[in-house]
Amino acid sequence: MTEPFDDKRLDELVDLIVQLASGNLSARLAPSPARDSVDAVITGINLLAEELDLMYQNLEHRVAERTAALDQARRDMERLALNDGLTGLANRTLLADRIGQAIARAERGERPPCVLLLDLDEFKNINDGLGHGAGDRVLVEVAHRLSSVVRNTDTVARLGGDEFAILMPGTTEEGALRIAQRALAELQKPFELGDRAVWAGASIGVCFGQRGQTADLLLRDADTAMYAAKARGRGNVQVFRAEMHHAARERLQVASELGVAVAQGQLRLHYQPIVELATGTIVAVEAMVRWMHPQRGLLLPVDFIPVAEDSGHIVELGHWVLQTAIGQLSNWRETVPESFQVHVNLAPVEVRWPGLDEFISTTLQQHAVAPNRLALEVSETGLMTGDIAGLDALQTLRRLGVSVEIDDFGTGYSSISYLRRLPIDTVKIDQSLISEFATDGDQTAFVGAMFRLIDSLGLRTVAEGVETATQMEQLLALGCRYGQGIFFGEPRPAGDMTQVLSARPIPARST
Ligand code: C2E
Ligand code: MG
Ligand code: MG
């Protein structure tokens, strides 16, 4: 039997404890064959070491897991802070950062960057009419299409809502305009949403960066150019020029003045005759709004209707137009026959305004005017976005007995088969189709075919923008029954129109 105090296993035990304490958790001591109480201590310490080792490994594993999760979260945060959640494109922050870098490179002699700012023309109609789900799908598809037209050194970003941007570092003006045209062409193609197609279209502002400029200023100027593109009738590209700031300020001014224009009685209605071509009989008038501006004089719709649409003033303006036009028709009671109609233009926003049918039926009742004496004109692009809310509203108006007419047909996505599904009774052919009659035989044949197709759907046709006797005769020969244009009379104030209407007795419409 070994004396406990000179047992060398005790020294080995001390060594083991020192090793374990210093972190070497794999250190172990083999028990001796003696299997005495010292061996029992050795085995006990081995077991504790084993346990400790396992616990440590476990802990380390969990720490590694946690670190990885934190890392991922940090990367997600970074991505979220720099990318748009819906489309995965760069966001405004990332774009501004890249613009800053590109301008810095321009300081060192590289060509300055160019920014395209794109805004969808019909997105509001799609989103309000078909719901946000449909709107989101269009935005994601827009992101794909834009990404497909750029190089991988370019950045495509979504700035929010339906606003997108493309940054092209070091490009020429020619190159930038080529990309802008390609982007425009991509966005003019239809977007398929299940069984329906919608059109979004876009307006694009182009701006080149300058040395010393900030990203914010470059984006602001591109935005100003985009507004100039929208004001030119949408669906086009404008390169920034300094004088555009003036126009942008003017738009703001117009928006703020429009509010008081209605209240202070600055709006006027002019009326243009709509004529039965075969007899020259005036069968209806179209009401066109004008703004007698205290400083700027008489303004035409192009100067304020787009601003009214964007700023929401259009609903109030539209109410005034409806009230005035219906009231005027009531005043003409003794002058015009029973079938005589007044036509009023409606913007898509007005069509979707929930109280429209009630407003119209109350106004008609107030003036004791029968619903079939009112015709509402809605432009083709306003309807062709496949806007369900808009179509429902038109259906309701038709049930009231009001006529609904599609305006400017032939300028947008004219689809004859789509006409069948619209709740309308008249199609107004745009003046651009008629103006080319004299010079283009093919155009004449095309319009003739259009008249026959529209006729086969049981719809009436009115040609607008008739300026000459020749055009009128061609229209008659092609089977068009009604026309409107300066050849028959310009839009004029109610007083003048009253004289025209009372000058000769007007025979009743032959249909
Ligand atoms: P629109 O409904 O297509 O009206 C026809 C436009 O063509 C009118 O311009 C009219 O003055 C003009 N025009 C008439 N005859 C001829 C012609 O022989 N040749 C040519 N080149 N042009 C002719 P206006 O009055 O400037 O109106 C422009 C547009 O503004 C209208 O187009 C309509 O979409 C809109 N608008 C007019 N009044 C209202 C309104 O009260 N509410 C709304 N929402 N829009 C309106
Ligand atoms: Mg019209
Ligand atoms: Mg028109």
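Biologist: Happy to start with the sheet: how many bridges join β1 to strand β6?

Modeller: This is a predicted model, where local features need pLDDT of at least 70, side-chain atom pairs count only at pLDDT 80 or more, and totals for chains, interfaces and linings use all residues. Residues are numbered from 1 along each chain as its sequence is written, chains are lettered from A and ligands numbered from 1 in the order in which they are written, and side-chain values use heavy atoms, with hydrogens and water left out. Strands (DSSP E runs of at least two residues) and helices (H or I, at least four) are numbered from the N terminus, and two strands pair if DSSP finds at least two bridges between them. Strand β6 covers residues 202-208 and runs antiparallel to β1, with Leu 116 opposite Val 206, and the number of bridges is seven.

Biologist: Thanks! Which residue in β3 is the bridge partner of Val 115?

Modeller: β1 also pairs with strand β3 (residues 163-168), in the antiparallel sense and over six bridges. Within β3, the partner of Val 115 is Leu 167.

Biologist: And how many residues of strand β1 are buried?

Modeller: Buried means under 20% relative accessible area, exposed over 50%, and partly exposed in between (1.4 Å probe, protein chains only). One side of β1 has Cys 114, Leu 116, Leu 118 and Leu 120, the other Val 115, Leu 117 and Asp 119, and both faces are covered. Of the seven residues in 114-120, the buried ones number seven.

Biologist: On to the metals: which residue bridges the magnesium ion (ligand 2) and the magnesium ion (ligand 3)?

Modeller: Donors are N, O and S atoms within 2.8 Å of the metal (3.2 Å for Na, K and Ca), and sites may look incomplete because water is not among the atoms. Ligand 2 has Glu 286 (OE), Asn 345 (OD1), Glu 377 (OE) and Asp 407 (OD) at 2.0 to 2.2 Å. Ligand 3 has Asp 407 (OD), Asp 408 (OD) and Glu 464 (OE), the last listed twice, at 2.0 to 2.4 Å. The two ions lie 4.1 Å apart, and the bridging residue is Asp 407.

Biologist: How many residues apart in sequence are the parts tied together by Asp 408 and Glu 464?

Modeller: The donor residues of ligand 3 are spaced D-D-x55-E. Asp 408 lies in strand β13 (403-409) and Glu 464 in the loop between β15 (460-463) and α18 (469-477), so the separation of the parts they tie together is 56 residues.

Biologist: Last one: is Glu 464 buried or exposed?

Modeller: Asp 408 is partly exposed at 24% relative accessible area. Glu 464 has 11% relative accessibility, and therefore counts as buried.
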